[in-house]
Amino acid sequence: MTNQTIDYHGDQVSGIASSMGARGSLKERSIRYVWLITALVGIVALFFIFVFLLKDGFPIFLDIPVTEFLFGTSWNPTSVNPGYGTMPLWVGTILVTIGAILIAAPLGIASAIFISEMASYRVRSIVKPVVELLAGIPSVVYGFFGLIVLTDFLRVFFNIPSGECWLAGSILLAVMALPTIVSVAEDAINAVPKEYREGSFGLGANKWQTISKIVLPAAISGITAAIILGIGRAVGETMAVMMVTGNAAIIPDPIYNMLSPVRTLTGTLGIEIGEVAVGSTHYHALFGVALLLLLITLFINLFAIYIMNKLKSRQSGGGKTSRFFQWNLRDLWEKKTIRHILLLAVFIVMVLIFGIVISCIICAICGFLWFVDSRLNSQQKEKTAFILIIAALLVVFFALAVILYDIIINGLPAINWEFLTGSPKDLGREGGIFPAIIGTLYLVGGAIMIALPIGIGSAIYLIEYTKENLLTKIIRTGVDLLNGTPSIVFGLFGFTFLVLYLDYGVCMLAGQITLALMILPTIIRTTEEALRSVPDSLREGSLAMGATKWQTIYRVVLPPAASGILTGAILSIGRAAGETAPIMFTAVVFSQRFLPDSVFDPVMALPYHLFVLSTNVPGSTTNQYGTALVLITLVIGLYLIAIIIRNHFHKHTRW
Amino acid sequence: MNSEKKSSSGIIAAGIVAVFALIVVAACFSGCTGNSQSPAEIQTLSVSGSTTVLPIAEACGEAYMVAHKDADIQVSGGGSSAGVQAVGEGTADIGMASRDLKSSESETYPGLEQHVVAKDGIAVIVYKTNPVSGLSTEQVKAIYKGEITNWKDVGGDEMEIVLVGRDSASGTREFFYEKVMGKEDFAATQLEKNSNGAVKQTVEQTPGAIGYVSMGYLDNTIKGLKMYNIEANVANVLNGSYPVARSLNMFTNGPATGLAKEYLDFILSADGQAIVTEEGYVTVA
């Protein structure tokens, strides 16, 4: 028994003969293998997703040359002379994403600075959950809000023919990417050692000088990763984008015309895949689009993971600097000639894109700002900076407030007993949404029952049974990539694999499995964090008392980690409850008389109901808002519970 | 610390209990409904496909279910192609399509049987207060080809035209593409929506918009245009004078039997056709 203490954390348990002879070792070993298998689920899922998209996407390249598919400018699959060029689509995706990041990055970084450097404990405990609530609003609700309020506002404000445009998409995506950017950037800023700040203050620098010259440069790789993850989130978003961008498959003319309608890769999938005839060239072309989307997000996420790993190795390795950003770029920047060449290059690119006049105006503004900047003394600079940061934070709060206010004010009149307990009538204009509420609970309940054991098992395997090695590295990367996979890709995978290939048909089980795969990464990550926070001394104590490894995990490690695991579970329930794209091709119907009585029946669901009402059923505004309110209450309620539990344990757990 | 730990484990327990309570409650609901309505008695009929036929299917389904307590008619949209495929693959009992079968489809699914349940005109719609009240098909075609881009060129105000159309897998778009466009391509600037309702919604809130929807979606929130001075209404489709009309179909795999047959018979009965009229479509029986 004692040798178990020795190979605690080791992955050689199975290799040591004496432990194999120990009582219960067969049980211990089988438990280990069970967890190994659960840990592999994520990787296998990712592999299957890729294979099945490839299976249905590959045939398009037999009909259409790859270059034409990638660089053709006409997407018109059902014309007499069909066009399968995806260039307007991926250009649209890139443009919408760039716009979103230009809006979200400054706001997000400013909010992160505020939360970690400026706010008092009390303020932080309010501001942070509020930003996280933005993540809790389902994307279909954003889309609904965008369609009803934002596009109309933009149309009137800019006096353009239609408000459905690139800018509308970018604004919505910016709000949706904010929570990701804020939380990752805040972690990065928090990770900067306290000594740096103390040293800076000790030299007489003021707070803003410390933040801008010491803290931010030290956190730059983490902030970069935050922005890249935000980009990943924006690229993969479907429902909100497709409801507000107009979906015209054109490249904006001129290219920076943010008021032009655009069409993204995800939007194309969202509006066309449900109607396309399976096996047609159009169908294969859409899977080609999905493949392209998956590859783009994989690349973005791998890049983010790479940077994050650099960051981690720097933190643990002490003085080792992240070469890519700290050394290369900064050294280059210090050299004057190179700086001038760079600036000139930027200017030329701007002239190429915007034309000479606008470029000059932009340069003049930059010059003016630089001039003002150089004239201010450090106190004035500090003041200006803090005002800007707080203004950014107010913008974020304002966005949240506008959305919630609009939905609550318009949604409350719809809420009554009949609405909550009745069935829809007249295409959902009348009657209630009871079957949709129950359907959502079923979907989410099933998803969590599938994902929770697998997720906890994976985390236990990763934390308790292995050292860091190639296998865990692969598993972790797989989980991260799964986390960055767009929800519409999960939906397509569920459709082609579960609904068609395994012949489940459109049913609850297909939706539950699809959702389970989607929330798996969240559960694994939060469980890992929770397990890591349990000190090793507890495990060593238990093992020294003669407990077996599994007894130690089950009796000693899991109980204190339960709150963290629970938080993760609730967060993923919230996410699953609000998702539309993964279930719209796999599990839902628009109307149904009875509640499903087996997992092979289709269900109704709140997000899909809202989507259909707001895009298919004119004259149902009251019930649209009512449904949005119920959905948002459900999801935000779950998030609040998770936040409260987390805060509670933050305060009360002391090791 | 000890008391703190105690209170925290209390919270954990409460939290876990709460989550499980949620699941149990959900499970209970299924149990309750399952008990009150023995599953053996319930007959399920799944109908899916074209959003144009959907209002008929839904309204007739509701009416049929009032009379037949043991029937569960599940209606879902998705579009004509999806409907044909669903019934062909057996994932739905009835597929709805706002067009006839394509040759490729009748090759893949030779067993499909066509039931014409209603007729429908496609109406060209504009913003409620748009002064233009009628266009010729040539003008509509020129507008959708992007050759006419301002309302003043067709007798309206000085205002840019916003093209609103359907996604490329839609039966309505296909019909419009053949009958009005003469198989010439739409301008790429057209905003694409994946349902009749979405087209109508956009036209309703965009002053410069023009769109095309099934006549069943006409109401006073938007304005239906006359084509060659002939108003888009049921009477004019019935007497054949409105130029852009088509039949709406439901498909079964092989001859309809059981609930599917009763449901289709109901739609073609006087009661069912009354619903067809009520929904704004043209009767066939």
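Helices and strands are DSSP runs, numbered from the N terminus, a helix having at least four residues and a strand at least two. Elements are named in that way throughout this tour of a predicted model.

**First stop: a loop of chain B**

Select Gly216(B), which is found in the loop between strand E8 (209-214) and strand E9 (223-224) of chain B. Is Gly216(B) buried or exposed? A residue is buried if 20 or more other C-beta atoms lie within 10 Å of its own. Gly216(B) has 24 C-beta neighbours inside 10 Å and therefore counts as buried. Now display its contacts, leaving aside residues up to four places away in sequence: Gly216(B) touches Pro55(B), Asp120(B), Glu279(B), Gly280(B) and Tyr281(B). For a distance to trace in the viewer, take the C-alpha atoms of Gly216(B) and Val66(B); these residues are 150 apart along the chain, and the atoms are separated by 23 Å.

**Second stop: chain B as a whole**

Widen the selection to chain B, where there are 10 helices and 11 strands. The chain has 285 residues, of which 47% count as buried. Consider next the contacts in chain B between residues at least 6 apart in sequence: 74% of them join residues at least 24 apart.

**Third stop: strands E6, E7 and E8 of chain B**

Select strand E6 of chain B, residues 162-166. Because 5 of its 5 residues are buried, E6(B) is largely enclosed by the rest of the structure. Val162(B), Val164(B) and Arg166(B) are buried on one side, and Leu163(B) and Gly165(B) are buried on the other.

Add E8(B), which runs parallel to E6(B) and is joined to it by 2 bridges. Here Val162(B) has Ala209(B), in E8(B), as its bridge partner. Then add E7(B), which is also parallel to E6(B) and is joined to it by 3 bridges. Gly165(B) stands opposite Glu192(B) in E7(B). Follow the chain from E6(B) through helix H6 (residues 171-179) of chain B to E7(B): this β-α-β crossover is right-handed.

**Fourth stop: strands E1 and E2 of chain B**

Move to E2(B), where 8 of the 8 residues are buried, so this strand is largely enclosed by the rest of the structure. Colour its two faces separately. One side holds the buried residues Ala71(B), Ile73(B), Val75(B) and Gly77(B), while the other holds Asp72(B), Gln74(B), Ser76(B) and Gly78(B), likewise buried.

Which strand is joined to E2(B) by 7 bridges? The partner is strand E1 (residues 43-49) of chain B, and the two run parallel. Gly49(B) stands opposite Gly78(B) in E2(B). Between these strands the chain passes through H2(B), and the β-α-β crossover from E1(B) to E2(B) is right-handed.

**Fifth stop: where chain B meets chain A**

Show both chains. Here 61 residues of chain B are in contact with 55 residues of chain A. On the chain B side, the elements that give two or more residues are helix H1 (2-36), helix H2 (54-67), strand E2 (71-78), helix H3 (80-89), strand E7 (191-193) and helix H7 (196-205). H1(B) supplies the largest share of this side, 13 residues. By type, the residues of chain B that touch chain A divide into 21 nonpolar, 27 polar and 13 charged.

**Sixth stop: chain A as a whole**

Select chain A, which has 29 helices and 4 strands. Its radius of gyration is 26 Å, close to the 26 Å that the globule rule gives for 655 residues, so chain A is as compact as a globular protein of that length. Along its principal axes, the C-alpha trace spans about 80 × 70 × 55 Å. Of the 655 residues, 52% count as buried.

**Last stop: three helices of chain A**

Begin with helix H8 (residues 139-158) of chain A and pick out Leu147(A). With 24 C-beta neighbours inside 10 Å, Leu147(A) counts as buried. Beyond residues up to four places away in sequence, Leu147(A) touches Met243(A), Val244(A) and Ser614(A). The C-alpha atoms of Leu147(A) and Val244(A) are separated by 5.5 Å, although the two residues are 97 apart along the chain.

Next select helix H14 (residues 265-272) of chain A, which is mostly covered, with 8 of its 8 residues buried. Among them are Leu265(A), Gly267(A) and Glu272(A).

Finish at helix H25 (residues 536-544) of chain A, in which Arg539(A), Ser542(A) and Leu543(A) are buried. Look down the axis of H25(A): its buried residues fall within an arc of 95 degrees, so they line one face of the helix. Just after H25(A), Gly546(A) takes a positive phi of about 100 degrees.

Technical notes: Residues are numbered from 1 along each chain as its sequence is written. Chains are lettered from A and ligands numbered from 1 in the order in which they are written. This is a predicted model: local features need pLDDT of at least 70, side-chain atom pairs count only at pLDDT 80 or more; totals for chains, interfaces and linings use all residues. A residue is buried if 20 or more other C-beta atoms lie within 10 Å of its own, exposed if 12 or fewer, and partly exposed in between; C-beta atoms are placed from the backbone. The arc is that of the directions from the helix axis to the C-beta atoms. Two residues are in contact if their C-beta atoms, placed from the backbone, lie within 7 Å. Ala, Val, Leu, Ile, Met, Phe, Trp, Tyr, Cys and Pro count as nonpolar, Asp, Glu, Lys and Arg as charged, and the others, Gly among them, as polar. Two strands pair if DSSP finds at least two bridges between them. A crossover is right-handed if, with the strands pointing away from the viewer, the path from the first strand over the helix to the second runs clockwise. The radius of gyration is taken over C-alpha atoms; the globule rule is 2.2 Å times the number of residues to the power 0.38.
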